[in-house]
Amino acid sequence: MRILLVEDDRRVAAALSSALTRRGYEVEHAATVAAALRAAPCDLVLLDLTLPDGDGTDLCRALRRRSAQLGIIAVTARGEERDRVLGLRLGADDYVVKPFSMVELQARIEAVLRRAAHAAPERDVIEAGPVRIDVAARTVTVAGREVTLTRKEFDILVSLARQHGVAVSRDRILLDVWGTTWADRHTVEVHVGSLRGKLGDPRLVETVRGVGYRLRGE
């Protein structure tokens with residue numbers, strides 16, 4: 001799970017980056033509007049509205065034009081009602097006023113990411129090499145052979161298949177399947193192990209060391 005932290009205060013940025021990294025997120029820091037616009041693609045932006053080279057509201061508008069699915073949370077000291085309303089109208093999904101607790105921020109991040117995931121258009125049928133998934137019917141075949149999966153196993157497979165060939169973090173899987181990143185990561189490992197056995201070829205779901213898993217199926 002990749003977060004872009006747009007914050008010009010280096011001490012605040014360092015503390016937030018450290019706290020988010022401990023919670024399993026990959027964090028990129030940008031101290032200016034220009035740096036934020038050059039940053040790599042991410043899942044969510046934590047956006048300070050007071051920046052040295054421009055207004056964060058203009059950046060929020062620009063980021064929203066780039067992607068309707070991108071999660072954006074304004075994290076700022078501007079607590080007036082008019083500021084909150086403006087930020088939300090310009091495309092922010094949520095608005096957090098400083099100071100705040102990491103527990104609150106974590107909850108808001110998870111809520112925004114859940115909404116973004118549910119808003120994303122779903123493909124009815126996903127094909128990844130020999131694996132074919134009918135999402136609506138919740139059926140799976142491997143090389144034409146029907147495979148019976150539990151609900152969690154099916155949802156994990158869909159999470160991997162939607163990013164076929166790309167490493168998917170354990171936190172991303174937890175969020176997609178369990179709706180939180182606070183669950184025990186060992187739970188993912190157990191379900192993936194069972195999923196591999198049922199697919200009939202353990203190599204189809206690769207372990208990406210230090211990250212998560214990837215669905216092969218060339």
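Let's start with helix α7, residues 170-178, which is mostly covered: seven of its nine residues are buried. Buried here means under 20% relative accessible area, exposed means over 50%, and partly exposed is in between, using a 1.4 Å probe and protein chains only. The buried residues of α7 are R170, D171, R172, I173, L174, L175 and V177. Just after α7 comes G179, with a positive phi of about 75°. Helices (H or I, at least four residues) and strands (E, at least two) are DSSP runs, numbered from the N terminus.

Before we go on, a word on what you're looking at. This is a predicted model, where local features need pLDDT of at least 70 and side-chain atom pairs count only at pLDDT 80 or more, while totals for chains, interfaces and linings use all residues. Residues are numbered from 1 along each chain as its sequence is written, and side-chain values use heavy atoms, with hydrogens and water left out.

Now hop over to R23, which sits in the loop between α1 (10-22) and β2 (26-30). R23 is partly exposed, at 28% relative accessibility. Leaving aside residues up to four places away in sequence, R23 touches M102, Q106, D171 and R185, where contact means heavy atoms within 4.5 Å. D171 is one of the buried residues of α7 that we just met. R23 and Q106 are 83 residues apart in sequence, yet 8.8 Å apart in space, C-alpha to C-alpha. The side chain of R23 also has a polar atom 3.1 Å from the backbone oxygen of A19.

Next, a look at empty space. Rolling a probe the size of a water molecule over the atoms shows where such space is left. The second largest pocket holds about 150 Å³, and its lining is made up of L4, A36, A39, A40, P41, C42, L63, R66, S67 and L70. By type, that lining has eight nonpolar residues, one polar and one charged.

C42, one of those lining residues, brings us to the cysteines. How many disulfides does the structure hold? Zero, where a disulfide is a pair of cysteine sulfur atoms within 2.5 Å. For C42, the nearest cysteine sulfur is that of C60, 12 Å away, and C42 is in no disulfide. Likewise, C60 is in no disulfide, and its nearest cysteine sulfur is that of C42. As for their surroundings, C42 is partly exposed, with a relative accessible area of 21%, whereas C60 is buried at 2%.

How values were computed
On a 1 Å grid over the protein atoms alone, a cavity is a set of points where a 1.4 Å probe fits but cannot get out, and a pocket is an open set with protein on both sides within 12 Å along at least five of seven lines; lining residues have an atom within 4 Å of a point. Grid points are joined across faces, edges and corners, and a volume is the space filled by probe spheres set on the points. Ala, Val, Leu, Ile, Met, Phe, Trp, Tyr, Cys and Pro count as nonpolar, Asp, Glu, Lys and Arg as charged, and the others, Gly among them, as polar. A polar contact is a pair of N or O atoms within 3.5 Å; within protein, one must be able to donate a hydrogen and the other to accept it, and residues adjacent in sequence count only if both atoms are side-chain atoms.
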